[in-house]
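Reader: I'd like a close look at one loop residue in this one, the sort of spot I'd check first in a backbone plot. Could you walk me through it, and then connect it to the rest of the fold?

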Amino acid sequence: MDVVKILLLTLGGGLEHALNVYRQLKDLQLEIVEGGNVLINGISVVGKGTNSVVFKCRPEITKNVELACKLRRGDSTRSSFAPEGQFLHLANTVGVGPEVYAYYKDIVIYRYIDGIHIDTWWREASPEKKRIVVEELMSQAYKLDKIGLSHNELSRLEKHVLIERDLPVIIDFESATLGSRNNVTQVSNGLMRLGLKPPAESLRTYKRCLCIDAFKEILRFFLDQL
Ligand SMILES: Nc1ncnc2c1ncn2[C@@H]1O[C@H](COP(=O)(O)OP(=O)(O)OP(=O)(O)O)[C@@H](O)[C@H]1O
Ligand SMILES: [Mg+2]
């Protein structure tokens, strides 16, 4: 199917929006690829949010690089995806998030994650695998705290963490902010929703000192439950 038609059917917002997104894809020499488990108006895509539709995509020059293109919906409340691209780029500097490839007003392009949402993964995973994921996820949260980049939506891990080859990848930095350091707290709340008890005392200490010892205590408390 014609790309503009695909964009028109999936993004909404009329022909003007579809053409704008099309031009940005063309400028970056990227092609979107149909496929994925979510169906919008008969078109399969990788994911759908309130502000975006996520497609698989690839550079025109090479067919075997798998990327994800997060495209702004016509009815999005956000005027630009550039801040999200910048926050993701910042997260990448400490090894967090899918590696960003490029971003533009209506597009963020980053590595395609061949994974599943953490809540689905959690139901089947062994205690050992869960321990590795919890440790890795908490370490990523700690790294974000250290650079003062707050994701702000991590208490809903089920929407913002994908598991790829049994390792967690934090996605969707659209609500991120600079300055506060509460990712460890957010992830702890998220783990609670997956059935783990939170270490209230160590969390309070961590909030005050943001120190490695309190972080280690929090982590130990979670790991001991698995
Ligand atoms: N890099 C990726 N690789 C594979 N799938 C992805 C990737 N990024 C996002 N997705 C899928 O697309 C969905 C929507 O992405 P995202 O959460 O970034 O969009 P959103 O518009 O911010 O959504 P929401 O309105 O829920 O906040 C995700 O839940 C996930 O299933
Ligand atoms: Mg979002």
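Author: Asparagine 152 counts as partly exposed, since 17 C-beta neighbours fall inside 10 Å, and buried would take 20 or more. This is a predicted model, so treat all of what follows as computed from it. Asparagine 152 sits in the loop between strand E10 (149-150) and helix H6 (157-160). What puts it on a checklist is its backbone: phi is positive, about 80°, and the residue is not a glycine. Most residues other than glycine have a negative phi.

There's another asparagine to set beside it. Asparagine 41 also has a positive phi, about 50°, again without being a glycine. Its loop is the one between strand E2 (38-40) and strand E3 (43-45). Asparagine 41 is exposed, because just 9 other C-beta atoms lie within 10 Å and the limit for exposed is 12 or fewer.

Now for the wider frame. The domain assignment splits the protein chain into domain 1 (3-111) and domain 2 (116-223). Their C-alpha centres are 26 Å apart, and the contact draws 12 residues from domain 1 and 11 residues from domain 2. On the domain 1 side, the touching residues come out as seven nonpolar, three polar and two charged.

Over in domain 2's range, an open sheet of three strands runs in the order E9-E11-E12, with antiparallel pairing. Strand E9 (116-117) and strand E12 (167-170) are the edge strands, each with a single partner, so one side of each has no neighbour in the sheet. E9 is joined to strand E11 (residues 161-164) by two bridges, antiparallel, and isoleucine 116 has isoleucine 163 as its bridge partner in E11.

For domain 1, try strand E1 (residues 30-33). Its side chains alternate: Leu30 and Ile32 point to one face and are buried, while Glu31 and Val33 point to the other and are not. E1 pairs with E5 in the antiparallel sense over four bridges, and glutamate 31 has arginine 58 as its bridge partner in E5.

Leu30 leads you on to the core. Isoleucine 109 is in contact with Leu30, and also with Cys57, Leu67, Cys69, Tyr101, Ala102 and Tyr103, leaving aside neighbours within four places in sequence. The largest nonpolar core has 61 residues, and Cys69, Ile107 and Ile109 touch the most other members. Helix H5 (residues 127-147) gives the most to this core, seven residues. Both domain 1 (3-111) and domain 2 (116-223) supply residues to the core, so it lies between them.

The ligand has a similar story. Ligand 1 is surrounded by 17 residues, and the closest are Gly47, Gly49, Thr50, Ser52 and Ile113. Strand E5 (52-59) and strand E6 (67-72) are the elements that give two or more residues to this shell. By type, the shell divides into eight nonpolar, five polar and four charged. Domain 1 (3-111) and domain 2 (116-223) both contribute to the shell around ligand 1, so it lies between them.

Methods:
Residues numbered from 1 in each chain as written. Chains lettered and ligands numbered in written order. Predicted model: local features only at pLDDT ≥ 70, side-chain atom pairs only at ≥ 80, totals over all residues. Core = buried A, V, L, I, M, F, W, Y, C linked by C-beta atoms within 7 Å. Domains from an automatic or database assignment. Contact = placed C-beta atoms within 7 Å. Near = placed C-beta within 6 Å. Nonpolar A, V, L, I, M, F, W, Y, C, P; charged D, E, K, R; others polar. Pairing = 2+ DSSP bridges.
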